[in-house]
Amino acid sequence: MPAETYEFQVEARQLLQMMIHSVYSNKDVFLRELISNASDALDKLRLAALRDDTLEADVCDLHIAIEADTQARTLTVRDNGIGMSHDEVVEVIGTIANSGTAKFLQEWKEAQDTTAAEGLIGQFGVGFYSAFMVADEVTVLTRRAGQSQGTRWTSSGEGTYTIEKVDEAPQGTAVTLRLKPADTEDQLHDYTSAWTIREIVKRYSDFITWPIKMATPVGAATEEAEEGENPAAEPEILNSMKALWARSREDVADEEYHELYKHISHDWMDPLETIRLQAEGTFEYQALLFVPSRAPHDLFTQGYRRGLHLYVKHVSIMDDCEALLPPYLRFVKGVVDAQDLSLNVSREILQQDRQIQRMHRRLTKKVLATIKEWMSSNPERYATFWREFGRALKEGLLSDFDNRQAILNVCSFASTHQAEEPTTLQQYVERMKGGQEHIFYITGESRQTIENSPHLEAFRAKGIEVLLLTEPVDAVWVDAVPEFDGKELRSVAKGEIDLDSAKEGDNSATENKRENQRLEYAGLLAWLTDLLGQNVKEVRLSSRLTISPACLVSDTPDITPALETMYRAMGQDVPHTKRILELNPDHPLVSGLNKARTERNNDTEPDTDFGEIAELLYDLALLSEGGTPNDPARFTKLIAARLEHTLV
């Protein structure tokens with residue numbers, strides 16, 4: 001069949017160029033990535049054969065083969081796994097079906113040093129393309145198990161690739177690299193050397209559960225014969241194939257755990273933590289979990305693949321078992337090896353399996369306990385974790401009632417107590433002032449916006465700490481979590497706030513002052529409530545303002561504007577909720593407006609000036625919390641007129 005030439009997707013072409021000209025110092029990892037892909041293909045074939053008795057595939061000798069030719073300067077990594085169809089080759093290799101690719105390319109360009117650039121490679125999982133770091137040309141020959149026709153894909157990474165259909169192709173996939181010349185200064189080793197191949201496989205892929213075989217490299221036979229070795233000997237198995245989770249902790253080096261993590265996660269960075277767990281008794285299983293050191297770029301996208309690798313008696317049956325951990329721990333990678341599950345098990349059965357549910361509960365508690373331990377034993381590690389994954393963990397406050405308290409115990413939040421260091425809820429409670437009954441918080445888009453909010457004025461004046469919650473999930477979970485340690489969580493922007501009631505001693509003078517002000521401003525409040533009735537449900541005097549003239553608050557049972565906007569963005573039909581306009585009776589603008597109205601005695605039909613001032617008060621309250629006036633053009637016109645009036 002004639003070969004067809006295609007152009008790479010734009011993002012794929014850019015990525016290839018970065019790999020070809022990569023400054024990545026450790027180029028040996030290309031072999032790890034190709035072996036990892038081959039291992040995945042073998043896992044998929046065995047699982048497909050278990051689930052489909054009619055699949056015409058050879059599963060009697062599944063393995064990975066490495067073939068080197070020192071004369072032709074080629075290296076081939078071959079497997080007899082699931083293989084790929086013609087369409088899959090185009091989809092998987094010719095394009096990058098990844099919503100985060102553009103972000104990756106941008107971050108790569110912005111990386112200030114080599115270390116940062118290297119870290120990005122693994123974060124965005126571009127394993128196959130790493131072959132172009134060491135090869136001038138890459139050829140893929142593949143045939144999907146159960147199909148009769150194969151496909152050959154070839155590219156030099158310069159913008160195009162060719163694809164042709166092949167009648168004679170073995171089951172599985174063979175990736176052949178036409179290697180670049182060895183260059184020790186550029187860390188480009190001789191990858192046709194048997195010694196080099198052995199060393200790389202032992203270092204990175206020793207734990208792979210499939211045999212990795214290597215025949216004597218072509219061209220090396222004469223030299224080995226001279227040394228007394230038999231060049232026609234059976235292929236050498238390079239890896240031990242021992243499951244790390246089944247070995248004792250003392251027999252496994254941290255580097256071996258790290259390589260297993262990189263294999264299953266396709267990350268190029270070491271994990272933040274390795275967690276071992278072994279259950280014995282009526283239901284036995286072993287687990288090896290990893291907490292990444294950086295959040296993947298697509299952690300919060302809809303298509304993010306989560307789940308642990310599930311084995312049964314060392315046999316891989318599922319590479320993304322979602323039933324083992326809750327969605328809010330989706331960033332955790334790892335392996336669970338059970339002794340008493342069926343090999344032929346579906347996702348639907350797993351969701352209902354009691355043993356899986358027991359593992360789910362214990363694994364979840366183990367991860368949360370590990371995070372809790374960091375807070376005291378390794379604060380730096382905890383700070384890294386919270387920066388990368390805190391937003392995801394807080395989702396559990398909404399979905400995991402059984403572990404809600406444990407999640408709250410490991411959460412930390414920005415607060416007005418200290419600008420740099422976040423605080424836990426327990427630390428907040430320990431610092432509460434005498435008589436304070438609530439944990440106060442405020443939500444918003446950014447720390448800068450909410451720190452300047454008028455809602456905080458009275459709290460700042462009285463030295464009362466307020467949590468500053470700026471992530472979208474915060475606006476939701478605070479309504480679902482009623483209290484912590486017996487203290488109710490309360491928004492400073494909802495309901496009526498009476499901070500004086502928390503003070504010790506007689507506050508009758510304060511109450512008398514408020515009562516007198518309510519009587520003095522009753523007419524103004526009634527008039528404003530009627531005038532602004534389309535936008536607010538009530539106008540009242542405020543006890544939370546000390547500097548600003550006005551602010552908007554939500555009634556206690558109502559949802560906030562931010563939550564209202566979020567629900568609408570999710571496609572939910574949420575009715576608009578009117579808010580309450582609070583006025584500061586001690587502000588000259590408010591007291592002056594009240595005095596002017598009283599003197600003019602225009603309670604029934606006030607003049608236009610008063611109506612415009614009322615509009616401005618409402619719009620200023622919106623602006624002070626980061627909102628936008630309902631009619632920006634009219635707001636600008638009114639402000640300009642007022643400024644002009646002051647100059648006349």
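**Architecture of the predicted chain and the settings of selected residues**

Among contacts in the chain between residues at least 6 apart in sequence, 71% join residues at least 24 apart. The model is predicted. The chain has 648 residues, of which 49% count as buried. Its secondary structure comes to 22 helices and 23 strands. The accessible surface amounts to about 31,500 Å², and carbon and sulfur atoms account for 48% of this area.

One open sheet is formed by 9 strands, with mixed pairing and the order 1-6-5-4-7-3-2-8-9. Its edges are strand 1 (4-7) and strand 9 (236-237), each of which pairs on one side only. Helix 2 (residues 29-51) packs on this sheet and touches strand 2 (64-69), strand 3 (74-79), strand 7 (172-179) and strand 8 (212-214). The direction of helix 2 makes about 25° with that of strand 3. Helix 6 (residues 194-204) also packs on the sheet, where it touches strand 2, strand 3, strand 8 and strand 9. For helix 6, the angle with the direction of strand 8 is about 170°.

Several pairings within the sheet can be described in detail. Strands of a sheet pair through backbone hydrogen bonds, either parallel or antiparallel. Strand 2 and strand 3 are paired in the antiparallel sense over 6 bridges, and aspartate 69 has threonine 74 of strand 3 as its bridge partner. These two strands, strand 2 and strand 3, form a hairpin with 4 residues between them. In the turn of this hairpin, arginine 73 has a positive phi of about 60°. Strand 3 is in addition joined to strand 7 by 6 bridges, and the two run antiparallel; here leucine 75 has leucine 177 in strand 7 as its bridge partner. A further antiparallel pairing links strand 5 (residues 150-155) with strand 6 (residues 160-166) over 5 bridges. In that pairing, glycine 150 is bridged to valine 166 of strand 6.

Another open sheet consists of 5 strands in the order 10-11-14-12-13, and its pairing is mixed. Strand 10 (273-279) and strand 13 stand at the edges; each has a single partner strand, so one side of each is left without a neighbour in the sheet. From one strand to the next, the twist averages 15°. Strand 10 pairs with strand 11 (residues 285-291) in the antiparallel sense over 7 bridges, and glutamine 278 stands opposite glutamine 286 in strand 11. Helix 8 (residues 254-265) packs on this sheet, touching strand 10, strand 11, strand 12 (308-312) and strand 14. Its direction makes about 80° with that of strand 11.

Three charged residues were examined individually. Aspartate 40 is located in helix 2, the helix that packs on the sheet against strands 2, 3, 7 and 8. With a relative accessible area of 17%, aspartate 40 falls under the 20% cut-off and therefore counts as buried. When residues up to four places away in sequence are not counted, aspartate 40 touches His263 and His266. Aspartate 40 and tryptophan 210 are 170 residues apart in sequence, yet their C-alpha atoms are 10.0 Å apart in space.

Glutamate 88 lies in helix 3 (residues 86-94). Its relative accessibility is 25%, and glutamate 88 therefore counts as partly exposed. Neighbours within four places in sequence left aside, glutamate 88 is in contact with Gly83, Ile93 and Arg144. With arginine 144, the contact includes a polar one between the two side chains, at 3.3 Å. The C-alpha atom of glutamate 88 is separated by 9.9 Å from that of threonine 151, a residue 63 positions away along the chain.

Arginine 330 occupies a place in the loop between strand 13 (315-321) and strand 14 (333-338). At 9% relative accessibility, arginine 330 counts as buried. Residues up to four places away in sequence not being counted, arginine 330 touches Leu299, Phe300, Tyr304, Arg306, Ala392 and Glu395. The side chains of arginine 330 and glutamate 395 are joined by a polar contact of 2.9 Å.

Technical notes: Residues numbered from 1 in each chain as written. Predicted model: local features only at pLDDT ≥ 70, side-chain atom pairs only at ≥ 80, totals over all residues. Heavy atoms only, no water. Buried < 20%, exposed > 50% of the residue type's maximum accessible area, 1.4 Å probe, protein only. Contact = heavy atoms within 4.5 Å. Polar contact = N/O pair within 3.5 Å; in protein donor to acceptor, adjacent residues only side chain to side chain. Pairing = 2+ DSSP bridges. Axes fitted to C-alpha atoms, helices over the stretch in contact; angles between N-to-C directions. Areas by Shrake-Rupley, 256 points an atom, 1.4 Å probe, with all protein chains shown as cover.
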